[in-house]
Amino acid sequence: MNQSASPYHHGDLRNSAIIAAAELIETTGSYDITIAQVAKKTKVSAPALYRHFTDKEALLTAVRELTHLGMMDYLAHAQASTEPGTLAHLDALGLAYLRFAKDKRAFFGLMWEDQGDPEKRRAEARAKHTGFQVLQEAIELYFDRHRPRHNRTSLQTATLMWSTAHGIATLQHNRILDTFDDEAEPGTLLVTATRAILNAD
């Protein structure tokens, strides 16, 4: 039998397909991949993959889960390099998010661009927190150390800071951040915005 027609020569075809899809996305720089491409890379038939994924969107949803883990790795490294409860800690988390968006352009797009059922994606994001919980907990530690000069909650502040970081990252991702300001630099903008949101010097 031809190897490409043998559906289960992998010990775990589902995970093999997810990794193969992620590798294709990283190699091509695009998440516009097909089941057929993934099947070819995993050396199985396309029908074999459809036994594990109802369609391409189901496969991309699984890759997004892997992508979230990758982003959390960036955040974990940032947390390990700074002292919790400090402004430097919050800066490090935001800058790690920008680095992830720059280093993993296709994966960043897959995480947030308008693909698939929006309600399912909202539920998926809430279940994983997508780093938001990490940011909120960091802000709570910062508030414990520094009495904020405003009445916002940690949730409201986290929403402001995440929205700012995500906006900068998205403009950077789409290569239009310097449309109006030729000297716009993502990290500098983020650090400045963080201090403005926190009323910190």
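**Exercise 1. State whether asparagine 199 is buried, partly exposed or exposed, and describe its backbone angle phi.**

Solution. Begin with the classes: a residue is buried when its relative accessible area is under 20%, exposed when it is over 50%, and partly exposed in between, with a 1.4 Å probe and only protein chains considered. Asparagine 199 has a relative accessible area of 32%, so it is partly exposed. This is a predicted model, in which local features need pLDDT of at least 70 and side-chain atom pairs count only at pLDDT 80 or more, while totals for chains, interfaces and linings use all residues. Residues are numbered from 1 along each chain as its sequence is written, and side-chain values use heavy atoms, with hydrogens and water left out. Next, find the position: asparagine 199 belongs to the segment after helix 10, where helices (H or I, at least four residues) and strands (E, at least two) are DSSP runs numbered from the N terminus. Finally, consider the backbone: most residues other than glycine have a negative phi. Asparagine 199 is not a glycine, and yet its phi is positive, at about 55 degrees.

**Exercise 2. Describe lysine 43 by its place, its accessibility and its phi.**

Solution. Lysine 43 sits in the loop between helix 2 (35–42) and helix 3 (46–50). With 43% relative accessibility, lysine 43 counts as partly exposed. Its phi is near 60 degrees, which is a positive value in a residue other than glycine. To place lysine 43 in space, take alanine 17, which is 26 residues away along the chain; the C-alpha atoms of the two residues are separated by 9.8 Å.

**Exercise 3. Give the secondary structure of the protein chain and the share of its residues that are buried.**

Solution. The protein chain has ten helices and zero strands, and reading from the N terminus its elements run α-α-α-α-α-α-α-α-α-α. Of the 201 residues in the protein chain, 42% are buried.

**Exercise 4. Work out how helix 5 and helix 8 are oriented to each other, and then do the same for helix 9 and helix 10.**

Solution. The axes are lines fitted to C-alpha atoms, for helices over the stretch in contact, and the angles run from 0 to 180 degrees between N-to-C directions. Helix 5 (residues 87–103) packs with helix 8 (residues 132–145) at an angle of about 165 degrees, and their axes are 9 Å apart. Angles under 35 degrees count as roughly parallel, over 145 as roughly antiparallel, 65 to 115 as roughly perpendicular, and the rest as oblique. Helix 5 and helix 8 are therefore roughly antiparallel. Their crossing is left-handed, a name used if the near helix is turned anticlockwise from the far one by less than a right angle, whereas clockwise gives a right-handed crossing.

For the second pair, the axes of helix 9 (residues 154–173) and helix 10 (residues 186–198) come within 10 Å and cross at roughly 165 degrees. Helix 9 and helix 10 are therefore roughly antiparallel to each other, and their crossing is right-handed.

**Exercise 5. State how many salt bridges there are, and describe three of them.**

Solution. Side chains of opposite charge can pair when their charged atoms come close. The rule asks for a side-chain nitrogen of Lys or Arg within 4 Å of a carboxyl oxygen of Asp or Glu, and it gives a count of six salt bridges.

- Lysine 41 pairs with glutamate 23, their closest N and O atoms being 3.6 Å apart. The pair links distant parts of the chain, since lysine 41 is in helix 2 and glutamate 23 in helix 1 (residues 13–28), 18 residues apart. Lysine 41 is partly exposed at 38% relative accessibility, and glutamate 23 is partly exposed at 40%.
- Lysine 56 pairs with aspartate 32, with 3.4 Å between the closest N and O atoms. Lysine 56 is partly exposed, with a relative accessible area of 29%, whereas aspartate 32 counts as exposed at 59%.
- Arginine 145 pairs with glutamate 83, the closest N and O atoms being 2.7 Å apart. This pair also links distant parts of the chain: arginine 145 lies in helix 8 and glutamate 83 in the loop between helix 4 and helix 5, 62 residues apart. Arginine 145 is partly exposed at 47% relative accessibility, and glutamate 83 is partly exposed at 45%.
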